[in-house]
Every structure is written in structure tokens, then in C-alpha cells.
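Please explain how this protein is put together, with attention to its ligand, its internal space and its backbone geometry.

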Amino acid sequence: MPTTPLLLEQLRELTQNMWWCWHPEVWQIFETIDVELWRQTNQNPIAFLDTIDRDKLAHRVREGALASRIQAATRRMRSYVESSGPPANMIAGPLHQAPVAYFCAEFGLHESLPIYSGGLGILAGDHMKAASDLAIPMVGIGIFYAEGYFQQGIDSDGLQREYYGRTKVDQLPITKVLDADGEPLEIELHLAGRIIKLHVWKARVGRSALFLLDCDIPANPADDRQLTTQLYGGDQRTRIRQEVLLGVGGVMLLDKLGIRPGAFHLNEGHSAFATLELCARLMEEEKVSFQEARTRISKKTVFTTHTPVPAGHDRFKPEMIDDALGELRERLGLSLRDFHGLGRIHVDDPGELYCMTVLAMKMSDYRNGVSHLHGRVSRHMWNGLWPHRRESEVPIDHITNGVHVSSFLAPEMKALYDRYLGADWMGHMEEPEAWAGLADVDPGELWETHQILKARLLNFVDRRVGSQDAPRGTGDGQIPPGSGLDQEVLTLGFARRFATYKRADLIMQDMERFRELVNDEDRPIQIIYAGKAHPADRFGKELIRKIVKLTTDPAFNGRVVFLADYDMNIGRHLVQGVDVWLNNPRRPEEACGTSGQKVVLNGVLNCSILDGWWAEGYDGLNGFAIGTGREYAVPEEQDAVDARDLFDVLENQVLPLYYDTDEDGLPRAWVDRMKWGILSLGWRYNAQRMVLDYLHGAYLPAVGATMASR
Ligand SMILES: *Cc1c(COP(=O)(O)O)cnc(C)c1O
């Protein structure tokens, strides 16, 4: 029996690498020790250990099963980090001397490290995790936001309220990077005519490191310290300065650490200034022209664009560019015209704003959208950058996003998979054959597992609705939200950012028909919503208000619920526990969408517009499609047609299939579809497949090119 101090030490060790968050056998240790406290601390193991009663902890870890679980987890983590990993590690050969530097404005690894807002960040987190699992050398570069994104409450009128609170840094799995003298490593960044000092945090993500830049240090004037406080907060000026910090600061950091990346992956245009700093450095080191530097840097640069929505592309007035980056322009020796031209489609049009996506497109040799359809839409959208090419020849590829399986697959489902697929299916999950064994899964067993997850979700909803900051339905003629939720009722989930194009209110286009669906005697539905609207998005907030109103309206019988403060924890519960995942964006504005991929893993069926990944994933039998993939010139017309289609699909396909049960109460045809959903989609829409696509399509060519030019 190990000593108590040793067990406590091992527990602490486990909290120091985010690896724990995608290994249920690790976080379940904390859950087992004290489930209430685990929830109270928002599943944060460091906060958990800080808060828990010493004696209680010392007593609990000595209990037989826990002691051996702690030791086993520690052994596994050590061997994961120290081993050279799976065969992909060999393929990644040249990257061992020159890793991939992965830049992103947000990273969503776990709810306890709140430096993400939505899909982009969680994708970045998934990318880092999968690269680690594959042992592909990668460092992440991001920003440490002391307040993260806002927390959402809902006032008595159903209006979103935004709260900001500083995260307790000493309860995060990050440590300050130190220099040779043991002092915090300091970076001096030229920004807007002065020098800003940056410190750096390091988070360990399995085998990889994620570095987070932070300017909230005493050495900076108060104003400048605010710069990294909030993710997507502040005005245009804050935004451009954060982007200089991320791009230019990130390159300076890599240099300080002595890391010479073989490929620079700009995940979204936010970090595109990195390419300019790289050019300036190459010009200074090797006395080459800007043109030559640009050619060489772009060979190493991979750019992923993430949205066809115009507002999703940062654009700045040229004066702001000059203000923020004057010093860099001088180092590059560029005229104002040429400097501004890098961010313009029409170089000589003084009226055109400076666009970060254009800069990134011009400074990278490999560019991609995030689904087959989004690739096509992007080639159309950016044809102006290659005016002499036909649209189909525009050099923008696509790599469809995928999700990190261990992060979103429910532990109970994983146990089921393990039994049918053998121990190492995760090692080659990008191959359809690895999943084939699921064809033999017993339908009753799959259904039962799903019911367990659904019950857990309804339980979770009950707890949250009872404690969250939102209307309680205590007014005249109101009912408590969630009071009508029922395990037997078909449960829809709808959770995502409340961006306009995602049309959270599509089902409310026909309130009467919606009400009838909810209240149907034989085949009712219930629906759980979650999502934040950007603080400046009044329309998005209005949608939230509309939904929240229904949650206490007796006409909807307590079967419409809104969960406040959507985060990865709510997300996990939803994607694991609903029956149907509803997604109805205005095609083709959903570049990919990833939450629908998370539900697939858990046997949940998608009911979605044929947009983003679903336009390529849907085969007629692995879920449900709303509409036919047509697009309309008039948005209102599209909304009306799609709303009708949504009701038709629900009434004619989803409900009959779900409620058609055999004598054992088993909806056989439904379970068949669940199975086919996992079999036909699981192997393809996971992050391991995605990262391997980047490795072969983008990273290795970038490194090869680098080697050749050396
Ligand atoms: C997966 C996820 C998203 C992204 O969902 P989309 O379907 O791409 O909009 C956003 N937020 C959270 C918390 C998620 O887990």
C-alpha cells in the first residue's frame, strides 16, 4: 500500500497535465472522492484539491479501489507522455526537429480553463489533443484571458446578462514560463508606438505544450494591462492589438524558446500578422528582399478559414494598421501602398478595408475551408484574389473538421465500444474497419446505454434549472421550467452560439405547430436549448428572450428548457443525452459545425439542414435531413421553406420512427439508425482523421518545402 503523501502527490501530478480531461478513468477519481465538490468546482481538479477537507481527502485516497486507481492513472499518464507514440509519429518524421506551431485566438480544452467562446476554440483544443494522441510534434500559441469570455445569466425578463469574473490563476493547470535566471520570461513587443511586455503561461496538453501570452503584468501601464483581459471583448482597437500580440508576440515567443517550427498553422485569420514578423526576421537574418522572404515564409504557412459569414472576417481601417504596426512596416521596408495592399483584394483601392483573411490567404501557400461545401463556398468568395482563375481553380482546399473522440464520447458508450471493437480501436479510429465491429452491437444494449445517458442529462437539467440565474416561473400564470420533462419523451437538443445564421428560432416560425408537437398526446417532443449571444448582438439576445419566455409558458407544458451559461460541461451532457440533435443554419453559412459530430459518437441522431459537414455526411439513413440543400436569394423565403421542411421531417420521419416500438418497448428501426449513424460517420468526423489530413496535405509539404529551401 502506497503512503498517503505519495497518493496525494500523484493526484496533484495528474492535475498538472490536461491529459486528465480526456481520460474518464482519471477525472472519475475526483468525482468518486466527492461528487458534490467536483461539481461545485466546475470539474476543476486543482480547485478541488485546494478546497477539499484535508482529513477527508487523506482518508478517502486510502480506500482500496481509489488508491489503486490513482496509481494506475499516474502510471498511464507517465507512460503516455514518455512513450514515442503510435506509428503516425514515424510519418511525422521531419516535424521532430521542426514542429508545427498552431496559432489560435481561443483554445477550448475543458470548461475549467475558460479561454474559449465556441466552436473555433473547441476545435483548436481538439486539434491539440489529437495531435498529442498521434504524437505529432506541435506547440500551441494562444492568449491567456484573465476573464475569459463572459458568463451568462438570464434576468427576469429573459434578457441575457453578461458577467465577467477573473479566473483564479493558481487554480489553473498553467505555469509561468521562466528564463535561465528563474525569472518570468519576458517578451518586449512593439505595439502602437510603444513597448508592451508579455509574460507567458504554459499548459501541458498530453505530449504537447500550449503557450499563452499575457500582458497583465505590473511592468505595463494600467491601460495596456487590460488588453488581454477578455476574449472577443472591447472595440476594434482592442481587437487589432490582441491580434498583433498573438501573431507577432507568438513568433517572438517561439524564437525566445529556441523553437524553429517547420510549419505555421494559422487557425483563422486572427493570427495572420505572424507571417509579417516572420518575414521581417528572415530579411534581417539573411538579408533577403521582402519578396524572397514572403515566398519562403508562405511555403511554411498553412491557413484555415472558418466562416463564409462576412462579419466573421476582421477588417480594419488602414490607419489602425499603421497605428498598431508602424514599426513592423519599417522593418519590412514596404511603402504604405504595398503594406496596406497585403490586406486588400484590390491593392490600389484606398476604400477597401484591411482584411485579416486576405492577409492570411496572401501569405500562405496552403489554404483550406473546413468542409467540402465550405471549400467550394470559399473558392467562390475569394475568387477576387485570383481574378484570372476559374472558380474551381482557386487554390483553396478543404479539410473537414472532426471532433476529439475521447473528449465527447460518454464513458458508458466507450465501455460498450471497447467490448465490441477491442482494446486498440482508438489507435486507428480514422479507418472505417476499426468501427465495423459495432454492426454486431446488441440493439437492446445500445438503447439501454443511451437511456442511462438520457437520464443523466435530465438529472443534470433538473439541477441546473433549479440553481441557475434565470426566470423560475413563479409569476402569475407561469409554470416552473423543465417541470414537464420526461424520460419517455423524444428529446431534442439545440445548443450553439446564438449567431443570426444559426436561426435558433426557426421552429418558432409556426408557434401553433410547435405547441402542438410539444403537447401531442401520443408522440410529444421536448427541447433543451443552450447558447450565448455575443454581448453586442441584440438580435441574438432577442432570440434567447423568445425561448426563455416559452420555458415558463403553460402552453408549452414545461417541456421547453433553456440552460444558462453554455460551456463544455453543458455541451458534453447534451451531446451525450438527447435523442435528436437539431441544427438549422441558413445554408451555406455554417462552415462545418462540430456539435453534430459529437452526438454521432453517442448514438444520437442528427436532424439538420444540409449544410457544413452534414451536406457531405448525410446518406439518407444515418440521421435526418431538413430540406434538399437548395439555397434561396431571399433569406425570408429560405427561412419559411426551411421551417416548413423542419416540421415535415419531425412529423413524418422522426416521430414515427422514434415512437414505433416493439413488444419489448424497443424502437428497432430507430436503434438501427443510431447504429448506422455511428458506423457510417464515426470513422470520418473525428479529430484524428482531421489532423492526419493536415499532416499529409499541409504540414509535411510545408516542412519538405522548408528543408528544400534551407
Ligand atoms: C462543440 C461546441 C461548439 C460548436 O458547436 P457548433 O455546432 O459548431 O456550433 C460550441 N460550444 C460548445 C460548448 C461546444 O462543445
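Helices and strands are DSSP runs, numbered from the N terminus; a helix needs at least four residues and a strand at least two. The model discussed here is predicted.

With that numbering, Asp565 can be placed in the loop between β17 (560-563) and α23 (568-577). Its phi is near 65°, a positive value in a residue other than glycine. Lys287 also has a positive phi, about 50°, although it is not a glycine. Lys287 sits in the loop between α11 (273-286) and α12 (290-300). The side of the protein on which to look for Lys287 follows from its accessibility: at 70% the residue counts as exposed, because the cut-off for exposed is over 50%.

A further backbone feature concerns a peptide bond. The bond from Arg587 to Pro588 is cis, with omega near 5°. Pro588 belongs to the loop between β18 (580-583) and α24 (595-601). Most residues other than glycine have a negative phi, and most peptide bonds are trans, so such places merit a look in the model.

The ligand comes next. The residues around the ligand are Gly118, Gly119, Ile122, Arg496, Lys502, Tyr566, Asp567, Met568, Gly593, Thr594, Ser595 and Lys598. At least two residues of this shell come from α8 (119-133), and at least two from α24. By class, the shell holds three nonpolar, five polar and four charged residues.

Which atoms of Lys502, Thr594 and Ser595 lie by the ligand's oxygen atoms? For Lys502, an N or O atom in the side chain is 2.7 Å from an oxygen atom of the ligand. For Thr594, the partner is a backbone N or O atom, which lies 2.9 Å from a ligand oxygen atom. For Ser595, a polar side-chain atom lies 2.4 Å from an oxygen atom of the ligand. On its own the ligand has 390 Å² of accessible area, and the protein covers 95% of that.

Now turn to the empty space inside the protein. Rolling a probe the size of a water molecule over the atoms shows where empty space is left. A search of the whole structure finds six cavities of 30 Å³ or more. The volume of the largest cavity is about 70 Å³. Its lining is made up of Ile154, Val465, Gln468, Ala470, Pro471, Arg472, Pro481, Val548, Thr551, Val561 and Phe562. Two elements give two or more residues to that lining, namely α22 (538-551) and β17. What classes do the lining residues of the largest cavity fall into? Eight are nonpolar, two are polar and one is charged.

Some individual residues show how separation along the chain compares with separation in space. Val251 is found in helix α10 (residues 236-256). With a relative accessible area of 4%, Val251 is buried, because buried means under 20%. Val251 and Ala274 are 23 residues apart in sequence, and their C-alpha atoms are 6.1 Å apart in space.

His374 is placed in helix α16 (residues 372-381). Is His374 buried or exposed, given its 3% relative accessibility? His374 counts as buried. Its C-alpha atom and that of Ile396, 22 residues away along the chain, are separated by 10.0 Å.

Glu327 lies in helix α13 (residues 318-332). At 29% relative accessible area, Glu327 is partly exposed, because that class runs between 20% and 50%. Glu327 and Pro387 are 60 residues apart along the chain, with 32 Å between their C-alpha atoms.

The last residue is Gly140, found in strand β2 (residues 138-143). Gly140 has 0% relative accessibility and therefore counts as buried. Between the C-alpha atoms of Gly140 and Phe539 there are 34 Å, and the two residues are 399 residues apart along the chain.

Methods: Residues numbered from 1 in each chain as written. Predicted model: local features only at pLDDT ≥ 70, side-chain atom pairs only at ≥ 80, totals over all residues. Heavy atoms only, no water. Buried < 20%, exposed > 50% of the residue type's maximum accessible area, 1.4 Å probe, protein only. 1 Å grid on protein atoms, 1.4 Å probe; cavity = no way out; pocket = protein on both sides within 12 Å on 5 of 7 lines; lining within 4 Å. Points joined across faces, edges and corners; volume = space filled by probe spheres on them. Nonpolar A, V, L, I, M, F, W, Y, C, P; charged D, E, K, R; others polar. Near = heavy atom within 4 Å. Polar contact = N/O pair within 3.5 Å; in protein donor to acceptor, adjacent residues only side chain to side chain. Areas by Shrake-Rupley, 256 points an atom, 1.4 Å probe, with all protein chains shown as cover.
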